[in-house]
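User: I have a structure open and would like to learn how to read it. Could you take me through it feature by feature?

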Number of protein chains: 4
Amino acid sequence: MMVTTSPKPVLSELKAPTLSAQLPLEDVQGRPDSRGIALKEAGVCGVKMPLQIRQKDGTSQQVAATVTMSVGLPPQEKGTHMSRFVVQLAQWSRGKVLNLSLKSFIEEMANRLDATSAYVSVSFPFFIDKKAPVTDGSAPMAVHCALTAQLEQGTITLGLQYKMAIATLCPCSKAISEYGAHNQRAELMMNLRLDESAIDTLSLEDLMILGDQAASCPVFPLLKRADEKWVTERQYTNAKFVEDVVRDMALLLRVQPAVAGFSVRVEALESIHDHNAFASYEERLQA
Amino acid sequence: MMVTTSPKPVLSELKAPTLSAQLPLEDVQGRPDSRGIALKEAGVCGVKMPLQIRQKDGTSQQVAATVTMSVGLPPQEKGTHMSRFVVQLAQWSRGKVLNLSLKSFIEEMANRLDATSAYVSVSFPFFIDKKAPVTDGSAPMAVHCALTAQLEQGTITLGLQYKMAIATLCPCSKAISEYGAHNQRAELMMNLRLDESAIDTLSLEDLMILGDQAASCPVFPLLKRADEKWVTERQYTNAKFVEDVVRDMALLLRVQPAVAGFSVRVEALESIHDHNAFASYEERLQA
Amino acid sequence: MMVTTSPKPVLSELKAPTLSAQLPLEDVQGRPDSRGIALKEAGVCGVKMPLQIRQKDGTSQQVAATVTMSVGLPPQEKGTHMSRFVVQLAQWSRGKVLNLSLKSFIEEMANRLDATSAYVSVSFPFFIDKKAPVTDGSAPMAVHCALTAQLEQGTITLGLQYKMAIATLCPCSKAISEYGAHNQRAELMMNLRLDESAIDTLSLEDLMILGDQAASCPVFPLLKRADEKWVTERQYTNAKFVEDVVRDMALLLRVQPAVAGFSVRVEALESIHDHNAFASYEERLQA
Amino acid sequence: MMVTTSPKPVLSELKAPTLSAQLPLEDVQGRPDSRGIALKEAGVCGVKMPLQIRQKDGTSQQVAATVTMSVGLPPQEKGTHMSRFVVQLAQWSRGKVLNLSLKSFIEEMANRLDATSAYVSVSFPFFIDKKAPVTDGSAPMAVHCALTAQLEQGTITLGLQYKMAIATLCPCSKAISEYGAHNQRAELMMNLRLDESAIDTLSLEDLMILGDQAASCPVFPLLKRADEKWVTERQYTNAKFVEDVVRDMALLLRVQPAVAGFSVRVEALESIHDHNAFASYEERLQA
């Protein structure tokens, strides 16, 4: 899928310097350091890369990922070897598929960098086909995901962040008004610590369904008139504060076998203010 | 209001290079260029600067501005002198007040840079105190403004961009549903070409009132329960598509003596979708 | 590639409203409007959608696009039918490939919406494999592209925006300093008006090569030590102001048969300032 | 400084609903909740507000702040009273000055909301006048600050986040190249836990000086030619990896009496890549 375009022939027409004979080049990163400070992280961030992500049905989806990769740096080393991160990433980009578990990915990182601690985050919009509630229309909708892994003292901690749009309708506004009730788009953000032994029971697709259950109403990419009526009435009959959505989401996440701990945050783009209302909850996340 | 902290004493303790004797330093920007291409703009952007903006009542408001300043560059000149822009900006930052008209500001730019064409944009959040509709609460609310000026062939064109939050409630959703109607925060964006001779009749404060008139309902920084009831019911009784808001805003702007031309764009953060609905209109903007 | 997950079964367990018998539902958008204002645009923006983009070698690349679609609205119509845009987009998402020309896409839009003017913008990160200059390493690098089309009075205007990272090294800093010269990442932004008859001579891959030629030096996703030496020395021997890059890029674009008009802007993230330096040029863009 | 513009008179000309006689309006937030879930946070975020921040010299600087305010919510309460946050904020906006310690601010929050846990973050660009290194030019430069306070189980934890631009020059590039060395703008991010008993020894102005000491070279808002020579040569003679900057910053922060714990992160906008290099360190932050 990637084309190989080599800019070198063109560039070499310009006054490019020739490589001098001073090779081998010194490994400056490998110089000793005397400050006695072990760094928590040294690495790269903001690396854009096309990657393949495993879908629920076993096939994969190509995503445009933004990646952070780092390792801990011992006190006696001056710097890390940043190009090795991109070498690994480029190799995975050429055909390997990432699961929700980045275990093997981070183990490979630690090996390549000869490191005992490491961190990786792979963040991307993931598209899930969503059906309209009444008519038969459907279209892909993006949810924003990030898979993370942390290696520390021999233990790997796996995480998953998930941000999706939902709707909330204000119970107070509904109760005190003669007619109508203010409603708005809201962002539902889940931060999950994963239990690797049960990770096969979890999918990005199912997380969208859970989020939609906790909302006043889901949002949809494609709605015909009969759908819009359904959505409007469902919002109105299902009024929820951000606090309610967080609590309902917590109840839903508690019983997921793959979720070892989680935080939930809902942020509503209030239609009556130019600022947002939010609520958050956290459970077994640091355990 | 600005403190003067000189980092130099501290820095000179480090291994700072001493200035060599090769002064005067060559003006590389002043070298001739043979490509025969006159540039439309050469300048600086993303310059953060505290500035004073004239308010309706004659006093000024300090704002945190982001500034773009540029001049046209004749074909025979290699580069422009970028530091002169910041010298001017820093001087204005120390006590001068900007009006809605940047005429004298851009004339000074053209003089300093010895240029015949120039462009400036001063962009900032501007705070306007906004009263709740029923109770006596009030609080500042930010609207995002940008003042612009363009000098070309001896003529100065003055502009004002204005972005504020409003609410829209969907007439279709209201008409087809048993109860409720989807509503949402929306962004109202006005781009005005100003008639300098009437510029005193215009204020950032009045533009907020015009925008609120065109909306299904204004948004507010502070609402008590009685206000929330008012807002909910006003939204519901005043359903408007983005198309309606744009048309009503156009009618309001047409009769402003200071507005020589304008475009309006409304973008609604639909509470039923994860994307936005928008409409736009343009009148006498290029004249 | 898209999985089909229907949230409806889950949601219907909740207190969902049943559809009332009042169908057919009124077409509120079709109501007459008496304000006499024809809108320039009414549509959707911020629609995220996976799409296939034609590559130089004839294969396609899946991208995560952000789409704007709109039509002009006659004065007598109250609103447009926003869902039709997403219906078309979802259909294209399921297997059709977009060329650099959106001609057939915008013609389909105008037909579906029964409109005489229309606008579409499809914006996405596009990955191109980029080889290191000395070693044999290579990795995908993202450039940000937007394809646009505008239909007005029977004429379709095709556009292409292209933003890529390059490096610039300051000629002034080099000339006046004993050693070293400040350099930085810069953003090269091209806005092209396309000549459809020659559009096959243009590719996103070739545009990256052109941009790299105009820079002090290209940037790369993956560099080993020998590459870093090459890049450092090439930057230093090829000092360019933003003004120089814009002029060189203009010379390169002028001779492209598919480019009917263009603007170029280069913005350098100056390593000596917290603001950017920029230059811009425009040629035959409004013709 | 704030003008009071009441939009009500204008709006009431439109078809505004009249307040019905059903007052007093029910306090829906006060309804009981049976899910048994205590929320970590319920509040508002993204609130824009002009505030006064204490400067080193005892005067205050008006800033355009973005504020988050929340309280913990006991399991038996359905929702919090969001308007009380904005009431407090608007009062502080009218003349009260915030110190680096938000102790009294968060105590007031807890009282107003009748809460035992609370959180506040006040984020803003802060302008500090910065002198050129050689000539006598100077101009304000923005650093991004956030003051935070957290109340939990009777204890208040004070924090300060600080983000400023610096420059780094790569030691590896310098060592292996015949001439030149790649350099770039970088972001230095400090996250400080404050010791309130020594907070008077700390100022935002001094933090900028510390950051400049840790850099390869400071960045400046205004540089004449002699300054640019100084900066170029200082960068070159003071090559530092992001790892070096983090370590040097750690050494500088360790000896600050007001800093009870900290993390440092440096992110360099590499001029040879389209991604960033970063390093981070953490000390006594969770203590």
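User: Through which surface do the copies, chain A and chain B, meet?

Analyst: Happy to help; keep in mind that this is a predicted model. The copies meet through the same surface, because 100% of the interface residues of chain A are also interface residues in chain B. The superposition fits with this picture: a turn of 180° with a shift of 0.0 Å along the axis lays chain A on chain B with an RMSD of 0.0 Å. That is the relation of a two-fold axis.

User: Let's go to a helix. How many residues of helix α2 of chain B are buried?

Analyst: A general idea helps here: an α-helix has 3.6 residues a turn, so residues three or four places apart point the same way. In helix α2 (residues 83-93) of chain B, nine of the 11 residues are buried, so this helix is largely enclosed by the rest of the structure. Among those buried residues are B:F85, B:V86, B:L89 and B:W92.

User: What covers the buried residues of α2(B)?

Analyst: The cover includes β2 (39-54), β3 (60-73), β4 (97-98) and α3 (103-113) of chain B, together with β6 (138-152) of chain D. Just after the helix, look at B:G95, which takes a positive phi of about 120°.

User: Now a strand. Why is strand β10 of chain A largely enclosed by the rest of the structure?

Analyst: As background, in a regular strand the side chains alternate between the two faces of the sheet. For strand β10 (residues 259-268) of chain A, eight of the 10 residues are buried, so the strand is largely enclosed by the rest of the structure.

User: Which strands pair with β10(A)?

Analyst: Strand β8 (residues 183-194) of chain A pairs with β10(A) in the antiparallel sense over nine bridges. To find this pairing on screen, start at A:L192, whose bridge partner in β10(A) is A:F262. Strand β11 (residues 276-283) of chain A also pairs with β10(A) in the antiparallel sense, over seven bridges. Here A:E267 has A:F278 of β11(A) as its bridge partner. While you are at A:F278, note that A:R265 lies over the face of its ring, at 4.1 Å from the ring centre.

User: How many aromatic pairs are there over all chains?

Analyst: A pair of aromatic rings is described by the distance of the centres and the angle of the planes. The count comes to 16 aromatic pairs over all chains. One of them, A:W92 with A:F105, is edge-to-face, with 5.0 Å centre to centre and 70° between the planes. This pair links distant parts of the chain, since A:W92 is in helix α2 and A:F105 is in helix α3 of chain A, 13 residues apart. Both A:W92 and A:F105 are buried.

Now compare a second case: the rings of C:F262 and C:Y281 have their centres 6.0 Å apart and their planes at 50°, so the pair is tilted. C:F262 belongs to strand β10 and C:Y281 to strand β11 of chain C, 19 residues apart. Both C:F262 and C:Y281 are buried.

User: What sits over the ring of C:Y236?

Analyst: The charged end of C:K174 does, 4.8 Å from the ring centre.

User: Last one, for the bench: how many disulfides are there over all chains?

Analyst: The count is zero. Take C:C45 as an example: the nearest cysteine sulfur, that of B:C170, is 16 Å away. C:C45 counts as buried because its relative accessible area is 4%, and B:C145 is buried too, at 0% relative accessibility.

Technical notes. Residues are numbered from 1 along each chain as its sequence is written. Chains are lettered from A and ligands numbered from 1 in the order in which they are written. This is a predicted model: local features need pLDDT of at least 70, side-chain atom pairs count only at pLDDT 80 or more; totals for chains, interfaces and linings use all residues. Side-chain values use heavy atoms; hydrogens and water are left out. Buried means under 20% relative accessible area, exposed over 50%, partly exposed in between (1.4 Å probe, protein chains only). Helices (H or I, at least four residues) and strands (E, at least two) are DSSP runs, numbered from the N terminus. Two strands pair if DSSP finds at least two bridges between them. Contact means heavy atoms within 4.5 Å. Copies are superposed by least squares on the C-alpha atoms of residues with pLDDT of at least 70 in both. Rings of Phe, Tyr and Trp (its six-membered ring) pair if their centres lie within 6.5 Å; planes under 30 degrees apart count as stacked, over 60 as edge-to-face and the rest as tilted. A charge sits over a ring if NZ of Lys or CZ of Arg is within 6 Å of the ring centre and within 35 degrees of the ring normal. A disulfide is a pair of cysteine sulfur atoms within 2.5 Å.
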